[in-house]
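Reader: Could you walk me through some of the labels attached to this structure? I would like to hear the reasoning behind each one.

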Amino acid sequence: MIVDVPAVEQELARIQRELTNSEVRTSLFNLVVFSPDAEKTMANEALNYLLGKRAARVIHIVNGAAHENPTEESRLDVSARCFIDTERKSVCFQEIVITNGSDGAGGAPGSWVPLLVRDIPTLILWQDTLCDNQDLLAHAQEQAEKLLVDTEQSVALGDPEDAILEVVHRIVVTDRIPVSDFAFKRLRTLQRLVASAFDDPKRTPLLDEISSVDLAGTSSPAGRLFSLWLADRLGWTIDGAHFRDRRNRPVAFNHTQVAVGCSAEVHIDLMTSERIHIAMQTAGCADVDYPEGEESHPVVSVPGNGELLLEEVDAIGSDALYRNALRVLDRY
Amino acid sequence: MDTVDAAEPLVIFIFGVTGDLTRKKLMPALFSLYLNERLSEFRIVGFARREWSQEHFRDQVREMIANVGGASEEQRNRFVQSVVYLQSTFEDPAGYEKLREHAAGFPNRIYYLSTPPGAYEEVIRSLGEHGLARSDTGYVRIIVEKPFGRDLASAQSLNSLLQSCFDESQIYRIDHYLGKETVQNLMMLRFGNGIFEPVWNNRYVDHVQITVAENAGVGTRGNYYERAGALRDMIQNHTFQLLAITAMEPPNDTSPDSIRDEKVKIIRSLDPVTHREPDRHVVRAQYSAGVVDGSEVAGYLTEDGVDPESQTETYAALRLYLDSWRWAGVPFVLRTGKRLSRKATEISVHFKHPPLHFFGPAGSPLQRNVLSIRIQPQEGITLNVNAKIPGYATAVRPVSMDFAYGSAFGPAVPEAYERLLFDAMKGDNTLYTRNDEIEASWSFINRILDHWSTQDGPLPQYAAGSAGPDEARGLLADGDRRWRRV
Ligand SMILES: NC(=O)c1ccc[n+]([C@@H]2O[C@H](COP(=O)([O-])OP(=O)(O)OC[C@H]3O[C@@H](n4cnc5c(N)ncnc54)[C@H](OP(=O)(O)O)[C@@H]3O)[C@@H](O)[C@H]2O)c1
């Protein structure tokens, strides 16, 4: 494969001219997607949501072809999709798909970095395993303003559950790369719900009285991330499989896994043997039961991958909550 | 009607006319000057060793200028008629007598040394000995190519040899980066606008990055490169010049010496951190095999002409500080390398964060404002600012205010060599380096070279096509500072 940058640029410009004769909006960011497969990835769903909302250059590096088709040479295809917005201007995705063949050339930065539009942010959407792609990942993170990972999906693709957070910890805490993890982002609704259960000033002191937390739902990385988030917010330290609170009292955390995207339930047991129960359906309704018999039924909304991606491309900064949660791994 | 400012009648001698530089840069630049009516009466005499006939030489010149567009056949013919081949070795005195004959009839003379560096001394001395360094009828000037020495001692001896035959005002030491439009524009940007200079200091600037990245390897020049390395080949000259222009104080006026006085002060004010703690402030590395523009390429140690145990660096990065009121405490990080992910030369000034952080997600400051001055490719200037995304929420994203030379002013940006050759014809040496600048930069670089010469063992490696070695990351690892993407 030879990447002839001027030829690719010309081709993109030609395709865009063919697709639209209205003024084309400037690309706002580069989005480089790494995935083992062009089709079966949440990136496509998320990208479709972005289409017409933000103009971007999307470079999709399909890494898995190397395994499926070991004799194939890396390949590059160019296309574009344009939508006319309300001001009759074209919002385009300039798309470059690099299929990484057995030569491995397609994933190397020397193949795709020259295709990035300069002087606009670059985001890497990592839709592949993290643990056995460390080399590619290291080069990719070097080029990016932000790395978007999905530890839930990486584990589904084969990353070992017990090593995945250590890998992201290294990237976020040691290498200080701004990272957002969709697995963590998807917890946001549950986090807000749990936090709001203690909003009432009479319940806030109970935060220091938690003796155990049971989470049912979400995948394994999300469960661990949830516990780390709680630990960070409440100043807990790690003690083996559980935690210790600020006064060094043990706090148990138990997680029962349920497949990705399902509803979640949290039981919070207090030192007083009382319990707060929070249940959330992805459909939009939640139940919160307090020890004194009160209950509330807030309406919640769970953002989809497309909405999350839109937030990410609009806010280039790092996710401080995530970083702080991972830092708990250093507190034992 | 516009009057074109043309050079006075002159003869240009190119020593090493059959070489690569003449083919790629000098002849096209001279032809372009001719097309733009900058050359009135002129002759170009090519001096080299090969047994070429006049006809063959002229055919070669025709090829050299084939890619210069916008010329009629007649213009090409007329230009080619003005070139003459002088076959001789540099060592043969008869060559210099022939040279005198070719100069007859032209009041002014320029010698261009486009020879291997080892031949400079012979040519300069012979010109002096044959009384060809002066003329009663007009000017005689000599342009010397890079590299100007390979350390302080050799640069000093080359300077004294030059000065024993020529006056400093006759000597033009070329650094073609100074001929680039954006480099000159940097001075215009800084001193011709009211808004930049007030923030051009350590109160507002967090750090400055200067990058000279190439995606090419050493190619056929392995032999030459083995004796040079990135520090000598790129940092001592081009990168230091970019540093000087970025950091210098406003000159008293625009005369060549006022500007060069300010530039040399910058090089002299470099804090010798690289001397005290070289390994903390300097990183060197070599490229290993990798992928560039989609194709696999070899590592440095297996390139032609390269010693498989070579210690020559193909990448160098330095973190420097200036001992000056304006820049105290501001890191200037410089890097250059071969076989990086793409070709890019730029200066970027990274400003400090605002004192309070209202916008954006909690705990993660917005991106810094960055003013980047792109020198190649696509010369231009970009200012990154944070802007609100239209809508009800206060979402912020970095956007760039972009100024591209090509699109703003049309295609008439002259090639660096064109501008520099014309300056030499007009006697303007502002964009050439003075002896004291060269010696100051060598004396700084020499200490790093001395330290390296005491080190053994293989150098750190970086994959061809990557952003450089991991070790370089440490030079910027402070807060949210990061290298800009190559
Ligand atoms: N090439 C570039 O892109 C580039 C860029 C920046 C700076 N430079 C500098 O420019 C200078 C020239 O570079 P280049 O690449 O053009 O070099 P080159 O291709 O090696 O050419 C050297 C020239 O010198 C002639 N020559 C060498 N020894 C001679 C002798 N004893 N007598 C007569 N002629 C002799 C050769 O003539 P014959 O071929 O007839 O032997 C040839 O014309 C060097 O100092 C280099 O560092 C080059």
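Author: Happily! Let's start with Pro147(B), which sits in the loop between S5 and H6 of chain B. Please keep in mind that this is a predicted model.

Reader: What makes the peptide bond from Lys146(B) to Pro147(B) cis?

Author: Its omega is near 0°, and the bond is cis. Most peptide bonds are trans. Chain B has another cis bond to look at, joining Gln376(B) and Pro377(B), with omega about -10°. Pro377(B) is placed in the loop between strand S14 (370-376) and strand S15 (380-388) of chain B.

Reader: Lys146(B) caught my eye for the ligand too. How do you know that a polar backbone atom of Lys146(B) makes a polar contact with the ligand?

Author: The cut-off for a pair of N or O atoms is 3.5 Å. A polar backbone atom of Lys146(B) is 2.8 Å from an oxygen atom of the ligand, so the pair qualifies. A polar side-chain atom of Tyr120(B) lies 3.0 Å from a ligand oxygen, and for Lys24(B) the side-chain distance to an oxygen atom of the ligand is 3.5 Å.

Reader: Which residues are the closest around the ligand?

Author: The ligand is surrounded by 22 residues, and the closest are Thr18(B), Leu21(B), Arg50(B), Thr115(B) and Lys146(B).

Reader: On to H6(B), residues 152-165. How do you know that its length agrees with what a helix should span?

Author: At 1.5 Å a residue, its 14 residues should span 20 Å, and the end C-alpha atoms are 20 Å apart, which agrees. The buried residues of H6(B) are Leu152(B), Ala155(B), Leu158(B), Asn159(B), Leu161(B), Leu162(B) and Cys165(B). An α-helix has 3.6 residues a turn, so residues three or four places apart point the same way.

Reader: What covers the buried residues of H6(B)?

Author: The cover includes helix H5 (120-129), strand S5 (140-144), strand S6 (171-173) and helix H15 (435-453), which belong to chain B.

Reader: Why is Gln286(B) called buried?

Author: Buried means under 20% relative accessible area. Gln286(B) has 1% relative accessibility, so it counts as buried. Gln286(B) lies in strand S8 (residues 282-288) of chain B, and its contacts include Tyr300(B), Leu301(B), Thr312(B), Leu459(B) and Tyr462(B). Gln286(B) and Glu313(B) are 27 residues apart in sequence and 5.3 Å apart in space, C-alpha to C-alpha.

Reader: Now for chain A. What makes strand S5(A), residues 122-126, mostly covered?

Author: Of its 5 residues, 5 are buried. The two faces can be taken in turn: Thr122(A), Ile124(A) and Trp126(A) are buried on one side, and Leu123(A) and Leu125(A) are buried on the other. In a regular strand the side chains alternate between the two faces of the sheet.

Reader: How do you know that S5(A) pairs with strand S1 (residues 29-35) of chain A?

Author: Pairing needs at least two bridges. S1(A) and S5(A) are joined by 5 bridges and run parallel, so they pair. In S5(A), Leu123(A) is the bridge partner of Leu31(A). S5(A) is also joined to strand S6 (residues 146-149) of chain A by 3 bridges, again running parallel, and there Leu125(A) stands opposite Leu148(A). With helix H5 (residues 134-142) of chain A, S5(A) and S6(A) make a right-handed β-α-β unit.

Reader: What makes Asp119(A) notable in its phi?

Author: Phi of Asp119(A) is near 65°, a positive value in a residue other than glycine. Most residues other than glycine have a negative phi. Arg176(A) also has a positive phi, near 55°.

Reader: Why is Asp119(A) called buried, and why is Arg176(A) called partly exposed?

Author: The buried class ends at 20% and the exposed class starts over 50%. Asp119(A), at 12% relative accessibility, therefore counts as buried. Arg176(A) has a relative accessible area of 43%, so it is partly exposed.

Reader: Why does Glu274(A) count as partly exposed?

Author: Glu274(A) has 34% relative accessibility, so it falls in the partly exposed class. Glu274(A) lies in the loop between strand S12 (264-270) and strand S13 (275-280) of chain A. A polar contact of 2.7 Å joins its side chain to that of Thr272(A).

Notes
Residues are numbered from 1 along each chain as its sequence is written. Chains are lettered from A and ligands numbered from 1 in the order in which they are written. This is a predicted model: local features need pLDDT of at least 70, side-chain atom pairs count only at pLDDT 80 or more; totals for chains, interfaces and linings use all residues. Side-chain values use heavy atoms; hydrogens and water are left out. Buried means under 20% relative accessible area, exposed over 50%, partly exposed in between (1.4 Å probe, protein chains only). Helices (H or I, at least four residues) and strands (E, at least two) are DSSP runs, numbered from the N terminus. A crossover is right-handed if, with the strands pointing away from the viewer, the path from the first strand over the helix to the second runs clockwise. The expected span of a helix is 1.5 Å times one less than its number of residues. Contact means heavy atoms within 4.5 Å. A residue is near a molecule or strand if one of its heavy atoms lies within 4 Å of it. A polar contact is a pair of N or O atoms within 3.5 Å; within protein, one must be able to donate a hydrogen and the other to accept it, and residues adjacent in sequence count only if both atoms are side-chain atoms.
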